[in-house]
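Open your viewer and load the model, and keep the selection panel within reach. We will go from stop to stop, choosing residues and looking at what surrounds them.

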Amino acid sequence: MNKAVLTTLILLTLLAYAPVRGAGFVYEDDVLMVPAARAITAQEVLAPRGLTAVSFRIQYLFQGADPRGYHGINLFLHVLVGLGVFAVARLLLRVEYAILAAGLHLLHPLNTEAVAYVAGRSELIAALGALATLWALMQPVVTWKHVGLALVGLIIGIGGKEVGIMALPIAALHMAIIRKPAWSWRLAGICAGGVGAAALFAIPILGVRILGNLYFSATERGALAYASLQSWATWTMLRLAIVPWGQSVDHDYETATRGMSIMALLALVALAAWAWRRRQTMPVVAFGVLWMLVALSPRFVIRISEYANEHQVYLPFIGLWLALANGTMYFHDYYVSRAPREVPCVESA
């Protein structure tokens, strides 16, 4: 039954995205085709997003610049990510609600940009690698084989996009909220390895993608004003997640007043505080909300010339889908427990 439902979700996803087969290159897609048409250097391969660059180069060698194949690979990766969401959710939720979380990710229109834009492939690969890392580190018993798989997943995730490294703090959140393991030398070794891996991978990210990139710090806004507008953008995305109406390629966040954006920042801080306080009574909801905020956190401190939009919440909002699925489970269980039960009639002798 569960396999049939998952298969149905995949078929619905393929049907929903069928129109992209006839789509061309849009937005930043054509920019990616320029480096794909030439040989890429070893430095480009080893840099963050190197795996995304390699995938475009290989595909270009086999099929040139025909956009249909690029859209097809993106859709295939999206389906794999959806199955990864189910695998991770299954560690936290009953199977029917794990399917719900996967269905939200596969079919929610908020993910259209990451899937339908060829340039969104970096988000897909990053999410796939991050989910592999999380699945390995969220096992009831983490062995060194799981640690190895987590490392491979981390390489894949960062090879897609820098946000893949956020799998490590998300795994730490799971350890703090859900698992709460007893101290052991194995745990100490795993934690030390995680810190070391984070430092190792953060160095090229810092050097290649931040310090050596003029795109960063391109805004004239101060740190507080920038974080406030990012908060406004985040609440816009949250609104679209609940009511997916009014999606746009470009959101005019600059129209928000300073007071509105600061209130948005305070509201995010309050949401984080609420989730942390609920970690005992609603651990999966708290974990999902904090997953979202932790995965988005780099955008609040690294000032770039744009604010959060649909394709950039692809990985962070997996946490939101987990929280919504678990909230639905709580609501259902409460409703069922409160529903009156029929008492069988016993005839008197």
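What follows is a walk through this predicted model, stop by stop.

**Stop 1: the whole chain**

Begin with a cartoon view of everything. The chain's secondary structure amounts to 16 helices and zero strands. Now switch on a surface or colour by burial: 45% of the 349 residues count as buried. If you draw contacts between residues at least 6 apart in sequence, 80% of them join residues at least 24 apart.

**Stop 2: helices α2 and α4**

Select residues 29-36, which are helix α2, and residues 50-63, which are helix α4. How do these two run relative to each other? Their axes come within 9 Å and cross at roughly 75°, which makes α2 roughly perpendicular to α4. Show side chains where they touch: Leu32, Met33 and Ala36 from α2 meet Phe56, Arg57 and Tyr60 from α4. Sorted by class, this contact has five nonpolar, no polar and one charged residues.

Next, pick Arg57, which sits in helix α4. Is Arg57 buried or exposed? Its relative accessibility is 17%, and because the cut-off for buried is under 20%, Arg57 counts as buried. Setting aside neighbours within four places in sequence, the contacts of Arg57 are Ala36, Ala37, Arg38, Ala39 and Ile40.

While you are here, click Pro35 in helix α2. With a relative accessible area of 29%, Pro35 is partly exposed. Try a distance label from Pro35 to Ala53: the C-alpha atoms are 8.0 Å apart in space, while the two residues are 18 apart in sequence.

**Stop 3: aromatic rings**

Select the Phe, Tyr and Trp rings. How many aromatic pairs does a search of the whole structure find? There are six aromatic pairs.

Start with Phe56 and Tyr70, a tilted pair at 6.2 Å centre to centre with 35° between the planes. Phe56 belongs to helix α4 and Tyr70 to helix α5 (residues 67-90), so look for a link between parts of the chain 14 residues apart. Phe56 and Tyr70 are both buried. Add Phe25 to the selection, and you have one aromatic cluster made of Phe25, Phe56 and Tyr70.

Then move to Tyr226 and Tyr307. This pair is tilted as well, with 5.4 Å centre to centre and 35° between the planes. Tyr226 lies in helix α12 and Tyr307 in the loop between α15 and α16, so the pair ties together parts that are 81 residues apart in sequence. Both Tyr226 and Tyr307 are buried.

**Stop 4: helices α12 and α13**

Stay with α12 and select residues 223-242, then add helix α13 at residues 258-277. The axes of the two come within 7 Å and cross at roughly 70°; that makes α12 roughly perpendicular to α13. On the α12 side of the contact, residues to display include Leu224, Leu229, Trp232 and Trp235. Facing them in α13 you will find, among others, Met260, Ile262, Leu265, Leu268 and Leu271. By class, the residues of this contact divide into 13 nonpolar, four polar and one charged.

**Stop 5: the nonpolar cores**

In soluble globular proteins, nonpolar side chains tend to be buried together. Which residues have the most contacts inside the largest nonpolar core here? They are Leu93, Val289, Trp291, Met292 and Phe317, in a core of 88 residues. Highlight helix α14 (residues 283-296) too, since that helix gives the most to this core, with eleven residues.

Zoom in on Leu93. Not counting residues up to four places away in sequence, Leu93 touches Ala98, Val284, Leu322, Ala325 and Asn326. Apart from the largest core lies another, of five residues, among them Met33, Ala36, Phe56 and Val118. You will recognise Met33, Ala36 and Phe56 from the contact of α2 with α4.

**Stop 6: Pro298**

Finish by selecting Pro298, in helix α15. The relative accessible area of Pro298 is 27%, so this residue is partly exposed. Draw one more distance, from Pro298 to Met166: the C-alpha atoms are separated by 9.1 Å, although the residues are 132 apart along the chain.

Key
Residues numbered from 1 in each chain as written. Heavy atoms only, no water. Axes fitted to C-alpha atoms, helices over the stretch in contact; angles between N-to-C directions. Helix = DSSP H or I, 4+ residues; strand = E, 2+ residues; numbered from the N terminus. Parallel < 35°, antiparallel > 145°, perpendicular 65-115°, else oblique. Contact = heavy atoms within 4.5 Å. Nonpolar A, V, L, I, M, F, W, Y, C, P; charged D, E, K, R; others polar. Phe/Tyr/Trp six-rings, centres within 6.5 Å; stacked < 30°, edge-to-face > 60°. Buried < 20%, exposed > 50% of the residue type's maximum accessible area, 1.4 Å probe, protein only. Core = buried A, V, L, I, M, F, W, Y, C linked by side-chain atoms within 4.5 Å.
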